[in-house]
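The exercises below are to be worked with the sequence and the coordinates at hand. Each task is followed by a solution in steps.

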Amino acid sequence: MLQELKDTVKKILEEKKADIVIGWKKGTLPGIATPLFMEYPEDVGELIFDHTCRNNLTSYLTKDKRKLSKDHAKVGVIVKGCDARSVVLYAVENQVKRENVFIIGVHCEGMYEKKKLRAAAEGKEIFSVKSSGNIVTIKGRDLEKSVPEKEVLSDSCIYCRYPDAREYDVFIGEPRKEVDVPEEFSSVNEFEKKTAEERWEYITEEYSKCIRCYACRNVCPSCYCNECFVDQNNPQWIGKTPETTDSIIFHLIRNIHIAGRCVDCGSCVTACPVEIDLRIMNKKVEKEIRERFGYTAGLDINEKPAMATFCEHEKQDFIMS
Amino acid sequence: MLKVKKDKINGLIGEFLKDYLVFAPVKDGSRSKFKKITDPAEISTGTVKSERSPKDVFFPQSEVLFEYDTNGVRISDNEEKPYLLWGVRNCDTKSIRMLDKVFGNAHQAPDKDMYKDPYWKKKYDTSVIFNFACTAPLSTCFCNWFGGGPFDETGSDVFVVETDGDLILKGVSEKGKALLEKLSVTIEAEKKDEELAETAKKKAEEMMSKPTDISNLFEKLSTVWNEPVWQKLAAKCVNCGACAFICPTCHCFDVSDEGKNGRGKRVRLWDSCMFPIFTMEASGHNPRGNSTQRVKQRVMHKFNYFMENYGSHLCTGCGRCIVVCPVNFDIREVIKGILDHKIKEKVQADV
Amino acid sequence: MCNGYLPIQMKVEKILAENPDKTLKTFDLSFVNEKDRDEFSYMPGQFCEFSMLGKGESPFGIASSPTEKDILKFTVNRTGSVTKEIHYLQPGDIVGIRGPLGNWYPVEKFKGADVVIIGGGFAFTTLRSMLVYMLEHRSDYGMITVIYGARNPDLLIYKDELKEWDKRDDLFLHLTIDKSVEGWTKHCGFVPTITKEVAPDPNSWAVVCGPPIMIKFTLPVLKELGFADDKIYTSLERRMKCGIGKCGRCGIGSKYVCIDGPVFSFEELKNIPEAF
């Protein structure tokens, strides 16, 4: 599959179907790939695609004031299912024109989660991570261990309904349209069983770890505001200290701001240097949006976003309760 | 050299707790960071540096400069015991010494009191650092690029090697030597202990990868300002502050007033040159408006400007930024990329 | 221990709107405490952090001259949240300042020589300080030439003083506006063009202060006239926080505008790619 991917990217660059293609190459740490920007056909040599290609590369289309999209007439990007949904989101929200992106879909089998690899290695330093079948072998200092793949894959991947791109210009292999995930919202369902006090306690404890480095926001494909509300100072919306109240405000507003827009790519979870459980609230909001408006972000390029439309018969019980 | 038997270590910490505020690595979930301890049992030194650096002890993420109300400003002047830092690794010891160059003084006006940071000095000037040798450095450790090593004792007050749970102590600075003399639980180290320490040193040094020669880095950086290599190196950076906030030497800060209705406090907060608003002016003009410029600033500050002002690189090779970066922006690769970059001869433009 | 982060208290004595839109105001401040007054010693070109508790701080060049006793003058353009708050001040209000910060124009070095002052817009603040200082020590200096421009007559600051200076015969004042308007009898055209016309002697010292675009185009004119890089000075502005070389915000190359500057010669700046 990798060879086919390399050949495809090479051809795209040769035929100038895209001026630049973003993919992944082997990173300097085990289990983590790093973004690769390919401008010339020979650049594909380093390209990889495996369980380590965590980053949602489409976020580069909108980062740094959309510089990449401005510098290049057409940007190619290699996508997993979640990443492809981000491109759809950009198109729907008029951030990037669909025709200016060349989408290369790849068959995704899920991505490793840094935090889970660490946990599996019991805190020991990891030297290499290899998958074979459904078994992952982790080697490290005084360590050699095999675990079922599921134990180290990201939750976003384990409960992913759309592992393959639905919107693409070319797909390597045969895309699955949708896979059956009966427990898609299992973490949310568990969370909902707690009392309000317990939920608040959990959220407070998680968000109190925040150091306000904004890595979650900066890797998030849905966070592309030219000026984030936390950076505005006239008026200033939020205190700049890492005190828990301010951190909670930051995270909850971000949750609401990406309501109906989160594609659950898991980038924020991996990016967080202090391992906050950022997924639970995003998933909770995703569930609410699904139940209330029957909307899932990034599936249909012609569908208006849930938060940008209004129908009379939408559930409105939240107004009363 | 002195020795503290493993069963006496808690007693030693207990002695320190009488005269000092003791800060040591403490487990916080799966990670460790420096915290003020009241009980030796809290300490978790491990074999290598803590995930969070002890920078936070002297330069916390947010620090109140003063409180204000309609009557004016008030600074807290409560006397604290001197600080004792336990279980600091050499990369962090050196980082703290570097930060003192900035906060304890100023490169331009070394004699002016106005340029000495009173908040830093109050904590730093009387502090003692117990620098532990790293017995199992990580693959991301690259202190040896900067002339350091797992058993480097430069900058320590007291240098400590753990052997089979016992501690071997060596006074390095005058302050450290004086402190060791006062202790009651120490015994003289034997030749056997010194041999054990020597073996551990050899083993740790063998674990380090071969260092890259960075002796040209300062000069090279002075010549590459306009080179396209920066775009290439900076392309993947997403401009978050994870590296700067986890870095033991990054020290840029913001000042913000928190409060309302005429009363509140002025605090300083860590900031990062990676954020666009760092240099954004009120007019909307931003001298460092794009990502490449900001990455260049961070690299230049660390490996060129600081050298010019203070005579060393503003990096000790702790490797924390490599571990936390969400896009695997590896500073070692960046340094290599700069060193390997070949500047093309200027081609005469056709008129 | 001396604490460079603590503001001293100042009282607003007088507020003068410099233009009809009232976006530019000059504030005369007096010292609340005698001790602060006695210890506050500055030179033209230095700046202060103007502290509005609850809103934050902004740096401003001191517009008064050390020869004007007991009063500090600041001219503030309303742009951001701090300057907006400053504009709300009323006479009698108490504010904080930190300073004097940074270095100053080398007025000692200028002694015995001709000096040409080139300014644009509301950046004339520290230039005013220097000009008043030199006029107070008039015999120390040779010919003093001032070229000062703004987009329109309203945006020239210190209008009353400009009239006074215009009358003096020991000072050549060249005022200019971008485009001619009715009733305007002075120069018309951009500062670089007028500088070329005035053609100051390249043996003088030049101090250029104004918007970056003005500096960018005035510099080649001075070079063409024969000015050496080390004879031309300017004052830089950057976003600042601490003002004492710690917070890292105002870095340009290895220099910090707050303590290595704000006054730099072009000899110093030409090797700093970030300066403009």
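**Exercise 1.** Determine where Asp264(A) lies in chain A and whether Asp264(A) is buried or exposed.

*Solution.* The model is a predicted one.
Step 1: Asp264(A) is located in the loop that runs between helix 9 (244-257) and helix 10 (267-271) of chain A.
Step 2: Buried requires under 20% relative accessible area. Asp264(A) has a relative accessible area of 12% and is therefore buried.
Step 3: The backbone of Asp264(A) has phi near 55°, a positive value in a residue other than glycine. Most residues other than glycine have a negative phi.
Step 4: Asp264(A) also takes part in a network of salt bridges, whose members include Arg161(A), Glu184(A) and Arg279(A).

**Exercise 2.** Asn261(B) likewise has a positive phi; establish its place and its exposure class.

*Solution.* Step 1: The phi of Asn261(B) is near 55°.
Step 2: Asn261(B) sits in the loop between strand 11 (253-260) and strand 12 of chain B.
Step 3: The threshold for exposed is over 50%. With a relative accessible area of 72%, Asn261(B) is therefore exposed.

**Exercise 3.** Describe the surroundings of Cys82(A) and state how far its C-alpha atom is from that of Tyr202(A).

*Solution.* Step 1: Cys82(A) belongs to helix 3 (residues 81-92) of chain A.
Step 2: Its relative accessibility is 11%, so Cys82(A) counts as buried.
Step 3: Leaving aside residues up to four places away in sequence, Cys82(A) touches Asn56(A), Tyr162(A), Val263(A), Asp264(A) and Cys265(A).
Step 4: Tyr202(A) is 120 residues apart from Cys82(A) along the chain, and the two C-alpha atoms are separated by 27 Å.

**Exercise 4.** Which residues does Asn55(A) touch, and in which chains do they lie?

*Solution.* Step 1: Asn55(A) is placed in the loop between strand 3 (47-48) and helix 2 (63-71) of chain A.
Step 2: Its relative accessibility of 8% is why Asn55(A) counts as buried.
Step 3: With residues up to four places away in sequence not counted, the contacts in chain A are Trp24(A), Ala33(A), Pro35(A), Lys80(A), Asp83(A) and Ser267(A). Pro326(B) and Val327(B) are touched as well, in chain B.

**Exercise 5.** For the salt bridges Glu184(A)–Arg161(A), Glu275(A)–Arg31(B) and Arg268(B)–Glu63(B), state what each pair links and whether the partners are buried or exposed.

*Solution.* Step 1: The side chains of Glu184(A) and Arg161(A) meet at 3.2 Å, N to O. This pair links distant parts of the chain, 23 residues apart: Glu184(A) is in the loop between strand 9 (170-172) and helix 6 (186-193), and Arg161(A) in the loop between helix 5 (155-158) and strand 9 of chain A. Glu184(A) is buried, at 8%, and so is Arg161(A), at 19%.
Step 2: In the pair Glu275(A) and Arg31(B), the N to O distance is 2.9 Å. Glu275(A) lies in the loop between helix 10 and helix 11 (279-293) of chain A, and Arg31(B) in strand 3 (residues 31-37) of chain B, so two chains are joined. Glu275(A) counts as buried at 13%, and Arg31(B) counts as buried at 15%.
Step 3: For Arg268(B) and Glu63(B), the closest N and O atoms are 3.1 Å apart. Arg268(B), in strand 12, and Glu63(B), in strand 4 (residues 62-69) of chain B, are 205 residues apart. Arg268(B) is buried at 1%, as is Glu63(B) at 8%.
Step 4: Over all chains, the structure holds 75 salt bridges.

**Exercise 6.** Identify the side chain of opposite charge that is nearest to Glu281(B), and give its distance.

*Solution.* Step 1: Glu281(B) is in the loop between strand 12 (263-270) and helix 10 (291-310) of chain B.
Step 2: Glu281(B) is buried yet lacks a salt bridge; Arg238(C), the nearest side chain of opposite charge, is 4.6 Å away.
Step 3: A salt bridge requires nitrogen and oxygen within 4 Å.
Step 4: The contacts of Glu281(B), again without residues up to four places away in sequence, are Pro287(B), Glu237(C), Arg238(C) and Arg239(C).

How values were computed:
Residues numbered from 1 in each chain as written. Chains lettered and ligands numbered in written order. Predicted model: local features only at pLDDT ≥ 70, side-chain atom pairs only at ≥ 80, totals over all residues. Heavy atoms only, no water. Helix = DSSP H or I, 4+ residues; strand = E, 2+ residues; numbered from the N terminus. Buried < 20%, exposed > 50% of the residue type's maximum accessible area, 1.4 Å probe, protein only. Contact = heavy atoms within 4.5 Å. Lys, Arg positive; Asp, Glu negative; His and termini not counted.
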